[in-house]
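Please open the model in your viewer and keep the selection panel at hand. The tour goes from the whole chain to single residues, one stop at a time.

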Amino acid sequence: HTPTTKGDAGKMTSNSSNNNVDMDEEEEGEEGEEVGVAVECVGFAPETSSTTSSSSMKWAASGGMDKTMKIWDLTSGTCRCVCTHDGSVVALRWHTSLPIVCTTALDNVVRVWDARSGSLLLRLSGHVDLVTNIVFAPAISSQ
């Protein structure tokens, strides 16, 4: 892996042989050794053919055991925003045409985020068991 950026929020590396992008977070362990924080899920913002602002997003999101979801700018390799959770983030899903990301965490809460600002738009709590996946359902027409 060749590092493409390293900053306060971590580093993003890519492997050109398979076009994968890895978001790695590092913490300092005993005696100053670096200990990695597990990334549980990664998703890339969809490319759309519409004229909305989401068509120009070259972004990815990563969620991990550090209880955060991070939005990454793939053009500059920097972390745009950090969205905190009360449990490890285990799944995320981009909306198909809007700059919105949904996450699930080990706190049994589904969260809906504005990827442009990192603002929490909606918090869906009350689940009695773990939520480990997210799917956006198409809008249902009443006609």
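## The whole chain

With the protein chain selected as a surface, about 8,500 Å² is exposed, and carbon and sulfur atoms supply 48% of it; accessible areas come from the Shrake-Rupley method with a 1.4 Å probe, and for residues only the protein chains shown count as cover. This is a predicted model, in which local features need pLDDT of at least 70 and side-chain atom pairs count only at pLDDT 80 or more, while totals for chains, interfaces and linings use all residues. Residues are numbered from 1 along each chain as its sequence is written, and side-chain values use heavy atoms, with hydrogens and water left out.

Switch to a cartoon next: the protein chain has zero helices and 12 strands, where helices (H or I, at least four residues) and strands (E, at least two) are DSSP runs numbered from the N terminus. Of the 143 residues, 38% are buried, a word that stands for under 20% relative accessible area, with exposed meaning over 50% and partly exposed in between (1.4 Å probe, protein chains only). Among contacts (heavy atoms within 4.5 Å) with a separation of 6 or more, 35% are between residues 24 or more positions apart.

## The nonpolar core

Select Trp59, Met69, Ile71, Leu92, Trp94 and Val101, which touch the most other members of the largest nonpolar core, a set of 15 residues. Such a core is made of buried Ala, Val, Leu, Ile, Met, Phe, Trp, Tyr and Cys residues joined through side-chain atoms within 4.5 Å. Strands β6 (59-64), β7 (68-73), β8 (78-84) and β9 (89-94) each supply at least two residues of this core, and the largest share, three residues, comes from β9.

Now centre on methionine 69: leaving aside neighbours within four places in sequence, its contacts include Cys81, Cys83, Leu92, Val101 and Trp113.

## Two cysteines

Which cysteine sulfur is the closest to that of cysteine 81? The answer is the sulfur of cysteine 83, which at 4.5 Å is too far for a bond. Cysteine 81 is buried, with a relative accessible area of 11%, and cysteine 83 is buried as well, with 2%. A search of the whole structure finds zero disulfides, a disulfide being a pair of cysteine sulfur atoms within 2.5 Å.

## Loops and a surface patch

Go to the loop between β6 and β7, where lysine 67 lies; this residue has a positive phi of about 70° although it is not a glycine, and at 41% relative accessibility it counts as partly exposed. Asparagine 108, in the loop between β10 (100-105) and β11 (110-114), has a positive phi of about 65° and is not a glycine either.

In the loop between β7 and β8, select leucine 74, which is partly exposed at 32% relative accessibility. Adding Val39, Val42 and Phe44 completes a nonpolar surface patch with about 290 Å² of accessible area together. Patches are made of residues with over 30% relative accessible area and no salt bridge, with like charges joined within 9 Å and nonpolar side chains (Val, Leu, Ile, Met, Phe, Trp, Tyr) within 5 Å; a salt bridge is a side-chain nitrogen of Lys or Arg within 4 Å of a carboxyl oxygen of Asp or Glu.

## Last stop: strand β12

Finish at leucine 121 in strand β12 (residues 119-124), which counts as partly exposed at 47% relative accessibility. Not counting residues up to four places away in sequence, leucine 121 touches Ile100, Val112, Trp113 and Asp114. A C-alpha to C-alpha distance drawn from leucine 121 to arginine 111 reads 7.6 Å, for two residues that are 10 apart in sequence.
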